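Visitor: I am new to reading protein structures. Could you walk me through a few features, one at a time?
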Amino acid sequence: MVNCCGLITVKNEPVPLKSIAVEVSVQGHVATVSSTLQYENQEESPLEAIFVFPLPGEAAVCRFSAKIGQTEVVAEVQEKQKAREQYDDSLSSGQQAFLLEESDESPDVFKLSVGSLPPGEKASVSLDYVTELAVQADDGLRLCLPAVLNPRYQPQGSDSGSGGSALVSSVPAASVPYSLSLSARVSSPHPICRVESNCPLDPLNYLNTEKTQATVSLAAGHQFDRDVELLLYYQDTHQPTAIVEAAQTSAMPGSLMGDPVVMLSLYPEFPNDVMSSMTSLGEFLFVVDRSGSMSFSMHNGSGAQDRIGSARDTLLLLLKSLPMGCYFNIIGFGSSYESFFPKSVEYSQKTMDEALQKVKAMRADLGGTEILQPLKHIYSQPCLPDQPRQLFLFTDGEVGNTKEVLDLVKANAGSHRCFSFGIGEGASSALISGVAKQGGGHAQFITGQDRMQPKVRESLRFALPPAVVDISVKWNVPKGVSVTPLSPPIRVLFQGQRALLYAQLTGKSSGDTEGSVTVKYSLAEQPVENQLSFSLKPTEDTGLTVHRLGARTLIRFLEMEERQGDGEKGVKEKVVELSVQSGVSSAFTAFIAVHKVDGEAVQGPMLRRQVPTPMLCQRSRTMSLLRSSAMPGRMQGSMAMHQRMYRGLKGALLGKDSGDDVSDSDINYRGYMGFRRPRKRNGTKVQRDSDCPAPASDPAMDPLLQLISLQKASGSWVLEAALAEVLGKTEEEVAKPKPAPVDQEVWATVLALVWLYGFKMEAQEEWQFLAMKAVSWIQAQKAASVSECVQAGNTLLGCQVQKETLGF
């Protein structure tokens with residue numbers, strides 16, 4: 001095989017990134033992450049290393065430095081184009097320079113340029129970022145260190161931007177030439193119950209008797225071959241909290257960094273009687289990624305289901321959980337898109353059955369991930385009167401036009417709410433979290449061996465109750481103190497979900513040191529009020545974490561206003577000013593560090609090397625990243641070479657001349673590594689890129705899904721052989737103990753409920769809505785002898801489920 005330029009040196013040795021060390025400091029709901037990357041030039045010529053890597057979508061990069069020998073150079077934040085020009089000028093004059101910049105297309109992709117390193121030289125690059133920890137369905141707080149940067153699919157004809165769109169280089173996970181070490185210190189106002197991870201951890205070490213401080217580390221020798229996920233569990237996670245952080249002593253009072261900043265963590269409490277009722281109104285649109293990558297496995301373990309198969313099972317669960325009287329549709333998208341129905345249809349037995357037949361036939365066969373056009377189509381359709389529209393978006397999240405998608409979602413947030421699900425390793429956190437945030441919904445990530453169904457059910461729980469409206473936030477502070485909100489207005493609230501608010505506190509109070517915030521809203525035509533008091537006295541030094549997160553929140557809001565043209569003139573200049581003042585990254589700035597090497601030019605031609613990220617699943621959509629026509633001048637020559645090489649490799653691998661018309665989907669391309677001939681399975685060529693079909697037959701459905709598939713749209717079950725099979729009985733054994741006066745359908749439905757509560761309680765979060773529908777249906781039948789049915793069902797199935805447990 002041809003040696004792959006860009007990933008290995010001219011001597012076929014690994015790229016110069018040697019290791020990554022990460023230190024994490026968690027303070028309640030936020031974290032500061034410090035990463036140190038060790039480089040070494042083992043070649044005989046000066047080297048420029050390029051490393052394109054992911055960060056959490058909500059992260060705020062706040063410090064960047066480089067150490068060469070014993071000299072440390074701390075980067076400064078500059079306007080992006082100015083920083084790029086200084087970097088180029090520095091390299092041209094023989095100086096060592098470092099440039100860190102956010103991608104022009106997506107805020108969760110960064111490019112680090114390291115140059116020029118003389119032969120034999122070592123360099124240590126450090127970057128710090130702060131981020132909020134996302135609340136999970138089980139009340140855990142999630143911190144993810146992304147290792148996988150899947151190439152972002154760039155739709156044909158779209159503007160792929162510049163600068164930040166460096167080539168993504170990837171290798172098989174086992175071949176990543178650098179390792180990761182990680183240690184975390186966790187502090188919380190409440191006791192720390194436990195810390196979990198998808199990677200092996202050393203035991204949790206408590207630092208005090210109250211268990212409010214602890215340390216934890218990854219087990220030694222971890223290869224950075226997957227996203228590293230930490231889940232932190234505190235006592236009283238839902239307790240509202242407030243942190244007031246002192247100003248930066250060197251900053252001017254009245255500026256953001258020169259004033260105290262408060263961060264409020266709110267958990268609104270909704271009335272129980274409202275939460276126990278499900279609305280029958282709403283238009284539910286399930287928007288499902290059917291691109292080629294959805295045919296890959298959910299995880300690397302044995303017995304892993306493919307992503308499209310998991311999506312099919314999840315749609316089965318969702319369709320069975322919908323209330324009678326609502327409207328729904330399913331839209332699949334890839335390079336094109338198609339809907340199950342021309343327009344949304346009313347939920348009934350007929351439409352549910354028709355949709356389920358189409359779900360069974362659904363395959364990952366629609367090409368690349370082009371999400372913008374189906375969203376434009378959805379938003380162009382008029383909403384149904386008195387039927388709030390709610391989107392459920394399922395994707396592995398690899399698009400190159402993330403910001404354009406988020407702008408579209410925000411522009412339509414007044415009439416559409418959007419819940420998003422990132423499937424598999426490497427899903428873009430900026431896309432998944434951003435769509436939910438801008439669409440007033442909730443984001444979930446399904447990675448490793450996570451099951452999709454419980455996470456989707458959790459979001460459906462948020463979508464079904466009546467919506468919160470007329471939200472207002474009022475700050476109450478002493479005379480002499482003024483409040484400048486840094487967070488955009490709250491548009492949506494969910495039961496049990498956190499809302500983080502940031503605000504700048506200007507001025508001083510002569511006496512009172514207490515403040516409060518009051519959140520008012522209307523729910524099911526009931527006025528609700530939540531209040532949180534806080535002390536204006538700053539807490540101990542927190543490293544300006546709260547200030548930087550507040551700055552990042554305001555920067556993101558202003559960036560979107562600038563893209564949409566909604567803001568006042570000078571918004572871009574305001575973002576640059578705020579970014580430089582706070583030291584926080586933005587779309588319009590970059591970090592630049594220059595190390596002058598005694599004024600002597602470095603001798604020899606510059607070599608360019610791409611540092612690889614791990615490749616967990618083979619993909620082939622990244623030729624889109626090579627289509628950029630706006631790359632910096634210093635890259636154009638190498639890009640042309642890469643494209644010529646790519647065409648030649650295509651021909652060599654497929655047995656075609658380089659002049660033949662070979663489509664990108666003919667081979668499996670993944671950052672120059674991982675070229676393989678299309679395998680054959682049962683004598684049939686396995687297609688790879690945009691037309692990867694799912695397996696011809698799905699594995700046998702598990703009993704729970706089989707029972708769910710038998711439920712009627714009304715919520716009932718029918719007494720039939722298929723139900724008896726799930727219950728482990730014959731049809732005769734199931735029919736015989738039915739109490740005489742009871743209808744067969746009522747009896748079958750009671751049996752299904754007893755089986756669920758008797759054998760599947762560990763999966764209750766998946767079938768809870770189905771059970772609620774079943775109970776409501778039985779109650780609507782005004783059936784007699786329900787108690788007798790439950791008792792007979794327990795005897796038949798060997799259970800001990802109480803009638804009250806079922807909800808009667």
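**Reading the core, a sheet and two residues**

Guide: Happy to! Let us start with one residue: outside its neighbours within four places in sequence, Leu 319 contacts Phe 286, Phe 328, Ile 330, Tyr 347, Met 352, Ala 355, Leu 356 and Val 359. Please keep in mind that this is a predicted model.

Visitor: What should I make of nonpolar side chains that are buried together?

Guide: In soluble globular proteins, nonpolar side chains tend to be buried together. Here, the largest nonpolar core has 81 residues. Leu 319 is among those with the most contacts inside that core, along with Phe 284, Phe 286, Phe 392, Trp 717 and Trp 747. Helix H15, residues 744–759, supplies the largest share of this core, with eleven residues.

Visitor: Which residues does the second, separate core include?

Guide: Tyr 129, Leu 141, Leu 143 and Leu 218 are included in that second core, which has 52 residues.

Visitor: Now for sheets. In what order do the four strands of the open sheet come?

Guide: First the general idea: strands of a sheet pair through backbone hydrogen bonds, either parallel or antiparallel. In this open sheet the order is E10-E11-E17-E14, and the pairing is antiparallel. The edges are strand E10 (134–135) and strand E14 (192–197), each of which pairs on one side only.

Visitor: How many bridges join strand E11 and strand E17?

Guide: Five bridges, in the antiparallel sense, between E11 (residues 141–145) and E17 (residues 228–234). You can find one facing position yourself: Leu 145 is opposite Val 228 in E17.

Visitor: And how do I read a single residue? Is Gln 504 buried or exposed?

Guide: Compare its relative accessible area with the cut-off: buried means under 20%. Gln 504 has 8%, so this residue counts as buried. Gln 504 sits in strand E29. Leaving out residues up to four places away in sequence, Gln 504 touches several residues, including Gly 254, Ser 255, Asp 259 and Ser 482. A polar atom of the Gln 504 side chain lies 3.4 Å from the backbone oxygen of Gly 254.

Visitor: Where does Ser 509 lie?

Guide: Look in the loop between strand E29 (499–507) and strand E30 (514–523). Ser 509 has a relative accessible area of 26%, so this residue is partly exposed.

Visitor: How far apart in space are Ser 509 and Gly 480?

Guide: They are 5.1 Å apart, C-alpha to C-alpha, although 29 residues separate them in sequence. Beyond four places away in sequence, Ser 509 touches Pro 478, Lys 479 and Val 481.

Notes. Residues are numbered from 1 along each chain as its sequence is written. This is a predicted model: local features need pLDDT of at least 70, side-chain atom pairs count only at pLDDT 80 or more; totals for chains, interfaces and linings use all residues. Side-chain values use heavy atoms; hydrogens and water are left out. Helices (H or I, at least four residues) and strands (E, at least two) are DSSP runs, numbered from the N terminus. Buried means under 20% relative accessible area, exposed over 50%, partly exposed in between (1.4 Å probe, protein chains only). Contact means heavy atoms within 4.5 Å. A nonpolar core is a set of buried Ala, Val, Leu, Ile, Met, Phe, Trp, Tyr and Cys residues joined through side-chain atoms within 4.5 Å. Two strands pair if DSSP finds at least two bridges between them. A polar contact is a pair of N or O atoms within 3.5 Å; within protein, one must be able to donate a hydrogen and the other to accept it, and residues adjacent in sequence count only if both atoms are side-chain atoms.
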